[in-house]
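User: I would like to go through this structure slowly, with questions and reasoned answers. Please show it to me before we begin.

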Amino acid sequence: MKKTISVILAVIMAVCCMPFAVFADDADTLFDKSGSFESSDQLVSGKIYRIESGVTMTVPSELTLYIPTGARLYVNEGAKLVVNGNIVTQPGSALCVEGVLVGAANVGGSGDCLAQYRFPALIDQGLTKEDGSPRIKVSFATSVSGNAYDDQKEPLSYTDISDAGAKVYIPLNQYVYIKAHIIEPDETKDVKYDDALMNVFANGVGVAYTQGAHIMKVGSSADITYGNWTNDDDFLSTYKIHLPSNKGYTVYGRNGEHSELGETVYLKYGQSFSFKVEIEPEYDMSKYEVYIYNGYGWTDLDTDTILKDIPPAKPDEYGYYNIDFVKGDTTVYVIGVVKNSTITLVGDILSMIRSILETIKAFFEQFANMFK
């Protein structure tokens with residue numbers, strides 16, 4: 001039943017995403033032999049044209065080919081259109097590329113210029129679990145600029161792709177954002193998996209990942225595929241542990257990591273980490289405390305504020321502090337390490353103040369006794 005619903009949703013989605021021309025199986029004119037377009041008025045308004053599979057048609061460099069109002073030119077899957085000149089679509093017309101387009105930068109106009117993206121069924125990619133549930137959730141959005149930072153100002157509208165796959169049309173010369181989100185065991189808790197590790201390919205070529213999506217410019221049709229799922233460990237998120245660096249102490253990890261240069265330790269989700277704090281001899285009178293904070297590198301903030309609700313960490317019998325289960329970026333704080341000479345000086349000053357206070361107290365006691 002679940003599979004049937006998925007198929008129905010995929011069909012509905014594909015219908016909604018396709019332009020009206022997809023329903024026209026017949027064509028008024030078939031280009032069934034490779035050749036070149038000959039004139040700008042070769043296409044007639046209201047007609048449907050198709051370049052058949054195995055055929056290559058070329059727009060010569062000296063020609064601007066107009067697709068007139070109501071006309072539609074299809075590049076069938078397996079066909080090829082090379083645009084050395086220009087193609088201009090008129091209002092109400094369409095160029096629909098299901099095969100290969102060369103020279104997309106030379107295509108434009110006020111009509112539709114579209115390329116078909118074919119998303120596979122997840123079961124065909126080995127991306128379903130034993131119970132049939134999907135391992136990833138796929139969605140896509142389009143953007144004119146392709147600048148991920150600009151697009152974040154106004155959130156993009158993503159369209160979900162059913163795990164049964166879909167064929168959708170995307171505007172040429174725009175940018176497509178594809179999210180292949182690895183489904184978490186519990187989406188409301190930790191981020192166990194890193195979506196950047198799920199590769200996305202267009203026609204076998206890897207699509208770059210940035211700002212939470214795989215982004216590419218649309219220049220032709222594409223068959224989308226995904227990376228293989230070997231085991232869960234290959235997709236675990238990597239988290240950072242910041243080891244502090246300051247005078248008077250050094251933080252050492254159990255495996256040799258140290259903080260002399262403010263080293264950062266990188267660990268996979270679920271791993272453990274142990275460290276110890278070594279105090280230099282000139283600072284060994286310090287009564288220090290160690291804190292483990294959920295967050296990375298926030299050492300310039302007011303520790304009285306961010307640590308007020310966090311109890312100090314306690315070392316084990318061997319002097320190591322333990323993070324049993326890494327599930328996010330972490331910062332280690334060491335507070336209260338002071339030079340021995342400073343502690344001695346402060347102690348001397350306090351002793352002096354105490355002596356003065358005791359002298360004043362004795363004076364007033366004697367003065368009070370005089371009037372008894």
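**Salt bridges and a sheet**

Analyst: Asp316 is partly exposed, with a relative accessible area of 26%, where buried means under 20%, exposed over 50% and partly exposed in between, found with a 1.4 Å probe on protein chains only. This is a predicted model, in which local features need pLDDT of at least 70 and side-chain atom pairs count only at pLDDT 80 or more, while totals for chains, interfaces and linings use all residues. Residues are numbered from 1 along each chain as its sequence is written, and side-chain values use heavy atoms, with hydrogens and water left out.

User: With which residue does Asp316 form a salt bridge?

Analyst: A salt bridge here is a side-chain nitrogen of Lys or Arg within 4 Å of a carboxyl oxygen of Asp or Glu. For Asp316, the N to O distance is 4.0 Å, and the partner is Arg254.

User: Is Arg118 buried or exposed?

Analyst: Arg118 forms a salt bridge with Asp223, their closest N and O atoms being 2.7 Å apart. The relative accessible area of Arg118 is 10%, so this residue is buried.

User: Which are the edge strands of the open sheet of 5 strands?

Analyst: Strands (E, at least two residues) are DSSP runs numbered from the N terminus, and two of them pair if DSSP finds at least two bridges between them. The order in this open sheet is 14-13-16-20-19, with antiparallel pairing. Those that pair on one side only are strand 14 (159–161) and strand 19 (209–210).

Note on methods. Helix = DSSP H or I, 4+ residues; strand = E, 2+ residues; numbered from the N terminus.
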